[in-house]
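Here are some exercises to work through with the model open beside you. Try each task on your own, then read the solution.

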Amino acid sequence: MIRVLLVDDEELVRAGLRAILDAERDIVVLGEASDGSEVPGLVRRLEPDVVLMDVRMPAVDGIAATRHLLSRGAGAPRVLVLTTFGNDGYVYDALQAGATGFLLKRARPAEIVQAVRTVAEGESLLFPAAVRDLVATRGRGRGDALRGAGLTEREGEVLRLVARGLSNAEIARELVVGVETVKTHVGNVLAKVGARDRTQAVVAAYESGFIDPRRPV
């Protein structure tokens with residue numbers, strides 16, 4: 001079972017999400033919180049796999065709550081940010097803080113369910129155009145931060161394909177290599193870039209100028 005914690009200051013939103021997720025055989029909602037301040041205690045007690053986290057809340061917002069959760073290192077749950085608008089600057093900050101991806105509150109039920117399953121499986125929920133636009137409009141350039149990462153030519157190629165939103169299997173077909181080879185390359189990229197997951201690696205690639213966010217990948 002995929003164990004989920006819902007965090008949103010609107011009770012109606014939480015109720016809707018609970019109804020959608022609890023209807024699935026492989027997903028269970030363990031609990032709810034109306035503010036980020038409640039998250040650390042609930043995560044310690046319930047040990048969810050995925051936290052659906054609203055970015056805007058009255059006391060402790062989703063960004064601070066995400067940063068605190070992921071400071072735990074290994075064993076921290078995956079964080080999927082909930083937002084009303086995809087170009088919200090809060091979303092960009094949440095991705096920088098380590099959120100695995102973001103989901104619009106108006107998403108269809110099937111999309112919400114698939115998003116939870118995707119991040120629970122260890123994949124990042126990437127919307128390539130949305131992430132690119134966020135970094136282009138909100139990102140603060142950090143120079144060529146990836147130059148010292150020592151990426152090989154093939155690893156750079158893999159990172160660009162990840163930025164397009166391709167899965168490991170799709171990258172394998174594109175490069176005509178095995179999926180396990182792709183997994184190795186992706187793992188090397190994350191380690192060299194110092195990224196927790198694919199989303200952070202893509203954000204770093206855009207911010208550093210390794211990939212120009214003003215141009216389609």
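The exercises go from the sheet to its helices and then to single residues.

This is a predicted model, in which local features need pLDDT of at least 70 and side-chain atom pairs count only at pLDDT 80 or more, while totals for chains, interfaces and linings use all residues. Residues are numbered from 1 along each chain as its sequence is written, and side-chain values use heavy atoms, with hydrogens and water left out.

**Exercise 1. The sheet**

Work out in which order the five strands form the sheet, and which strands stand at the edges.

Step 1. Know the terms. Strands (E, at least two residues) and helices (H or I, at least four) are DSSP runs, numbered from the N terminus. Two strands pair if DSSP finds at least two bridges between them.

Step 2. Read off the order. The sheet is open and goes S2-S1-S3-S4-S5, with parallel pairing.

Step 3. Look at the ends. S2 (27-33) and S5 (101-104) each have a single partner strand, so one side of each has no neighbour in the sheet.

Step 4. Check the twist. On average, neighbouring strands are turned by 25 degrees against each other, direction ignored. The axes behind such angles are lines fitted to C-alpha atoms, for helices over the stretch in contact, and angles run from 0 to 180 degrees between N-to-C directions.

**Exercise 2. Across the strands**

Starting at leucine 6, find the residues that stand opposite in S2 and S3.

Step 1. Take S2. Strand S1 (residues 2-7) pairs with S2 in the parallel sense over six bridges, and leucine 6 stands opposite glutamate 32 there.

Step 2. Take S3. Four bridges join S1 to S3, again running parallel, and here leucine 6 faces leucine 52.

Step 3. Keep going. S3 and S4 run parallel and are joined by five bridges; leucine 52 has leucine 80 as its bridge partner in S4.

**Exercise 3. Inside S3**

Decide whether S3 is enclosed or open to the outside.

Step 1. Set the cut-offs. Buried means under 20% relative accessible area, exposed over 50%, and partly exposed in between (1.4 Å probe, protein chains only).

Step 2. Count. Five of the five residues of S3 are buried, so the strand is largely enclosed by the rest of the structure.

Step 3. Sort by direction. Val50, Leu52 and Asp54 point one way, while Val51 and Met53 point the other way.

**Exercise 4. Helix H1 and its neighbours**

Describe what H1 lies across, and how H1 and H5 pack.

Step 1. Start with the strands. H1 (residues 11-22) lies across S1, S2, S3 and S4 (78-83), and runs at about 165 degrees to S2.

Step 2. Turn to H5 (residues 109-120). The angle between H1 and H5 is about 70 degrees and their axes are 10 Å apart. H1 and H5 are therefore roughly perpendicular, a label for angles of 65 to 115 degrees (under 35 counts as roughly parallel, over 145 as roughly antiparallel and the rest as oblique).

Step 3. Name the residues in contact (heavy atoms within 4.5 Å). From H1 come Leu17, Ile20 and Leu21, and they meet Pro109, Ile112, Val113 and Val116 in H5. The contact has seven nonpolar residues, no polar and no charged ones. Here Ala, Val, Leu, Ile, Met, Phe, Trp, Tyr, Cys and Pro count as nonpolar, Asp, Glu, Lys and Arg as charged, and the others, Gly among them, as polar.

**Exercise 5. Unusual backbone angles**

Compare the phi values and surroundings of glutamate 47 and valine 176.

Step 1. Recall the background. Most residues other than glycine have a negative phi.

Step 2. Take glutamate 47. Its phi is positive, about 55 degrees; glutamate 47 sits in the loop between H2 (39-46) and S3 and counts as exposed at 51% relative accessibility.

Step 3. Take valine 176. Its phi is also positive, about 60 degrees. Valine 176 belongs to the loop between H8 (168-175) and H9 (179-193), and is exposed at 72%.

**Exercise 6. A buried histidine**

Find where histidine 185 sits and which residues it touches.

Step 1. Place it. Histidine 185 is in helix H9 and counts as buried at 17% relative accessibility.

Step 2. List the neighbours. Leaving out residues up to four places away in sequence, histidine 185 touches Arg154, Glu155 and Val158.

Step 3. Link to H7 (residues 153-163). Its buried residues include Glu155 and Val158.
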